[in-house]
Amino acid sequence: MGSLSPVQLLAELENLVAAPPPDLLAETDLRAKLYQASKRAALALEQPTEVAVRLLLAHPVESTIVNIALRLELFSKLADAEYPPLSLASLVESTGADVELLKRILSVVAAFGAVKVGAGSYTHSPSYKTLADPAFGNANPMDPKNTAVQRAFGMADAYLIGILLQKRAAGQAFGRLMSTWGEVNALLQHLYPVENLVEGFDAEISKVMFVDVGSGYGQKAIALKQEFPELLGRIAVQDPAMSIEQAPTVPGIESQAHDFFTEQPINHAKVYYIRQCLHNWPDDACIQFLRHLGDALKPGYSKLLIYKQVMPERGASEWSPYRM
Ligand SMILES: C[S@@+](CC[C@H](N)C(=O)[O-])C[C@H]1O[C@@H](n2cnc3c(N)ncnc32)[C@H](O)[C@@H]1O
């Protein structure tokens, strides 16, 4: 336990909780490390019953209550009126909710730190400010540079991927997630007769067989090459520069920095593959980057293969949104 006894450590932690130093709360590495360490410490101390309660009760209740609070616009109302704090009566009036129900909701959201409770009054908790943003509420986000993500990171005028890549650790975590999560899920070679591509390949037209556009670290093209070593021709994987530079070096796979909103640098390849990219963009942006791919195709020879999961309106499973 080092130089602090558990009792002293507890006192230090309680001081931190009561008044976190503002310079620590600013986006620093130390804050991120402390946050992660405190979560690991909680896991190290957790007892089996607490695990069951956390997973089976606390998480579902928390997300349900947050959803109810969002529907009542509780977070934005509290944030708007940060000072003076709002009374229960004024919240009843502005939300139209039943007083007893509202009291119960507020006590639960207060329990997990989303609002602060004074003497009969409530203020919002700064760490929940993203949920107070109207962009998080009812509006259907259509502008990819104006979503809850830009507000959460305080970075206007940047796309999600630009934000992630500027936050190096977040960008790397995203890249790792993409290259591990769903590693064996929905691979092209299990969905499409890849043998036809091998047969149809003509090196006279282009030496490039396969271009994986928006490839992440190239994980899916690598899996294809591993399973089909006989795949003739060059294989290129393309992602923005700061991402593709993290891609592993794999014989037979060429990494290329490319922004798919610009002209496709490889023309007349046999296959252009774009996997799990369209969902991040509104239709007009998808049309823009698909046009660039359309321009690169050789009519009658090249193929554009798009992989995208489509959520059925009815009958979606709880895994449907996550099948990467
Ligand atoms: C959800 S990941 C899918 C990765 C990979 N295709 C897969 O299925 O595992 C979306 C990818 O789009 C890439 N991306 C986002 N904006 C891009 C852009 N303007 N140009 C090229 N790639 C982009 C991201 O870097 C990321 O690798």
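## A chat about cores, sheets and a ligand

Visitor: Hi! Which residues have the most contacts inside the largest nonpolar core?
Guide: In this predicted model, they are Met209, Phe210, Val211, Val271, Tyr272 and Tyr273. The core they belong to has 26 residues.

Visitor: And which elements give two or more residues to that core?
Guide: Three strands and two helices are listed here: strand 4 (208-213), strand 5 (234-239) and strand 7 (271-275), along with helix 14 (219-227) and helix 16 (283-296). Strand 4 supplies the largest share, five residues.

Visitor: Why would nonpolar residues gather like that?
Guide: As a general tendency, nonpolar side chains in soluble globular proteins are buried together.

Visitor: Let's pick one residue. What does Val211 touch?
Guide: Leaving out residues up to four places away in sequence, Val211 touches Ala236, Gln238, Ile266, Ala269, Val271, Tyr272 and Tyr273.

Visitor: OK, and what about a second core?
Guide: That one is separate and has 16 residues, including Leu74, Phe75, Leu78 and Ile105.

Visitor: Switching to sheets. What is the strand order in the sheet of five strands?
Guide: The order is 6-5-4-7-8, the sheet is open, and the pairing is parallel. At the edges are strand 6 (253-257) and strand 8 (303-307), each pairing on one side only.

Visitor: How much does that sheet twist?
Guide: From one strand to the next, the twist averages 20 degrees.

Visitor: How many bridges link strand 5 and strand 6?
Guide: Five bridges, in the parallel sense. Looking at strand 6, you can find Ala257 standing opposite Asp239.

Visitor: And in the sheet of three strands, is the pairing parallel or antiparallel?
Guide: Antiparallel, in an open sheet with the order 1-3-2. Strand 1 (86-87) and strand 2 (115-117) are its edge strands, and each pairs on one side only.

Visitor: How many bridges are there between strand 2 and strand 3?
Guide: Three bridges, with strand 3 covering residues 121-124. One pair to look for is Val115 opposite His124 in strand 3.

Visitor: Last topic: the ligand. Which residues come nearest?
Guide: Gly214, Gly216, Phe260, Arg275 and Gln276 come nearest, out of 17 residues around the ligand.

Visitor: What classes are in that shell?
Guide: The shell around the ligand has seven polar, six nonpolar and four charged residues.

Note on methods:
Residues numbered from 1 in each chain as written. Predicted model: local features only at pLDDT ≥ 70, side-chain atom pairs only at ≥ 80, totals over all residues. Core = buried A, V, L, I, M, F, W, Y, C linked by C-beta atoms within 7 Å. Buried ≥ 20, exposed ≤ 12 C-beta atoms within 10 Å, placed from the backbone. Helix = DSSP H or I, 4+ residues; strand = E, 2+ residues; numbered from the N terminus. Contact = placed C-beta atoms within 7 Å. Near = placed C-beta within 6 Å. Nonpolar A, V, L, I, M, F, W, Y, C, P; charged D, E, K, R; others polar. Pairing = 2+ DSSP bridges. Axes fitted to C-alpha atoms, helices over the stretch in contact; angles between N-to-C directions.
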